[in-house]
Amino acid sequence: MSFTIITDSCVNLTAKQISDFSVKIVPLTYTVAGTEYLGYSEGQETDYKAFYDLLRTKEQVKTSLVSYDRVEEALKSTLEAGQDILYISFSSALSGSCQVVRNCIDDIKDNYPDRKIILVDSLCASMGQGLFVKYAVEKRSEGLNLEQTAQWLEENKLKFVHLFTVDDLFFLKRGGRLSGTVAIVGTILNIKPLLHVNNEGKLVSTGKTRGRKTSIDQLILRMGEIGENLENQDIFISHGDCYEDALYAKEKIEALYNVKSVTINFIDQVIGSHSGPGTLAIFFMGKER
């Protein structure tokens, strides 16, 4: 029996990947000046550059958890179509969305006794979550059933590496992840933090460096240290409207590690409102996070 993979809009996959992978996307929402917007709408193009230009004005953007009603609709429509479900959620350490999904599953599962629903907390974000979904799709294509795919993901989730840096410390400060004094001093001295997503799915600092290009080079160096079998991997890079930096990282990764492929895409509005313009993130499989 086949199964459907459902995830949320923080997955940051390209439109082509979403189509090719045949995954369902449940959108998170964000609010600007009192108007609510969806983080993803099937078939509609998103003007990411306009969004990041708005962030550069320091406009306040409010973000929300995934909607219970939207999750319920996605689950019910899939179950009623005779499909079992693997739901892959945004890291529970970064959002309460995973708990919303868990609550919804608990509420409806008894109404579908012949169907199965498994929720996997990816402990991932952005295209790290996207890479997590990609591997789930591949395992399904290899013939693994729902339980086997979920088990593989649980056993390997702490090998999904997220390495990133930000260009403007203001957004980490506004989100409470950096003190005001550190942000001011860091900005004056052109300090760029090196960060990753740890085993608990939280954003944590791993160091700092001076200068934008140096920070990207340090991420790529770290990739070589902990990456596993990189030459056979599809690497994902997401960015907060800094495509030239993402392209620089892509070309350097290809030259150094001869990887299978590199896919670049924007960071969505919900995550981007907290990380800010100029965020650059690299995702791959490693020996550890």
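Me: Before we look around this predicted model, what is a pocket here, given a 1 Å grid over the protein atoms alone?
Reply: A pocket is an open set of grid points with protein on both sides within 12 Å along at least five of seven lines. With that in hand, we can turn to the largest pocket, whose volume is given next. That volume is about 710 Å³.

Me: Nice! Which residues lie nearest the centre of the largest pocket?
Reply: Altogether, 28 residues line this pocket. Helix H1 (15-21), strand S2 (23-26) and helix H3 (68-80) each supply at least two residues of the lining. Those nearest the centre are Ile18, Tyr40, Ser41, Glu42 and Gly43.

Me: How many residues of that lining are charged?
Reply: Let's sort the lining of the largest pocket by class. There are eleven nonpolar and eleven polar residues in the lining. The charged residues number six.

Me: Let's move to strand S9 (residues 191-197). Is S9 largely enclosed by the rest of the structure or not, and why?
Reply: Buried means under 20% relative accessible area. Side chains in a regular strand alternate between the two faces of the sheet. In S9, Ile191, Pro193, Leu195 and Val197 point one way, while Lys192, Leu194 and His196 point the other way, and all are buried. Because seven of the seven residues of S9 are buried, the strand is largely enclosed.

Me: Which residue stands opposite Leu195 of S9?
Reply: Look at strand S8 (residues 160-165), which runs antiparallel to S9 and is joined to it by three bridges. The residue facing Leu195 is Phe164.

Me: And which residue in strand S10 (residues 203-210) stands opposite Leu194?
Reply: S9 and S10 also pair in the antiparallel sense, over seven bridges. The residue of S10 opposite Leu194 is Gly207.

Me: Which residue in the turn of the S9 and S10 hairpin has a positive phi?
Reply: The hairpin has five residues between its two strands. One residue in that turn has a positive phi of about 80°. That residue is Gly201.

Me: Now for the rings! The count comes to eight aromatic pairs; what kind of pair do Tyr30 and Phe51 make?
Reply: A pair of aromatic rings is described by the distance of the centres and the angle of the planes. Planes over 60 degrees apart count as edge-to-face. The centres of Tyr30 and Phe51 are 5.4 Å apart and their planes are at 70°, so the pair is edge-to-face.

Me: How many residues apart are Tyr30 and Phe51 in the chain?
Reply: This pair links distant parts of the chain. Tyr30 belongs to strand S3 (residues 29-32) and Phe51 to helix H2 (residues 48-56). The two are apart by 21 residues.

Me: What angle lies between the planes of Phe51 and Tyr52?
Reply: Phe51 and Tyr52 are both buried. They form an edge-to-face pair, 5.4 Å centre to centre. The angle between their planes is 80°.

Me: Which ring does the charged end of Lys213 sit over?
Reply: Lys213 places its charged end 4.5 Å from the centre of a ring. That ring belongs to Tyr248.

Me: Last one: is Gln99 buried, partly exposed or exposed?
Reply: Gln99 is found in helix H4 (residues 97-108). Buried means under 20% relative accessible area and exposed means over 50%. Gln99 has a relative accessible area of 39%, so the answer is partly exposed.

Methods:
Residues numbered from 1 in each chain as written. Heavy atoms only, no water. Buried < 20%, exposed > 50% of the residue type's maximum accessible area, 1.4 Å probe, protein only. Helix = DSSP H or I, 4+ residues; strand = E, 2+ residues; numbered from the N terminus. Pairing = 2+ DSSP bridges. 1 Å grid on protein atoms, 1.4 Å probe; cavity = no way out; pocket = protein on both sides within 12 Å on 5 of 7 lines; lining within 4 Å. Points joined across faces, edges and corners; volume = space filled by probe spheres on them. Nonpolar A, V, L, I, M, F, W, Y, C, P; charged D, E, K, R; others polar. Phe/Tyr/Trp six-rings, centres within 6.5 Å; stacked < 30°, edge-to-face > 60°. Lys NZ or Arg CZ within 6 Å of the ring centre and 35° of its normal.
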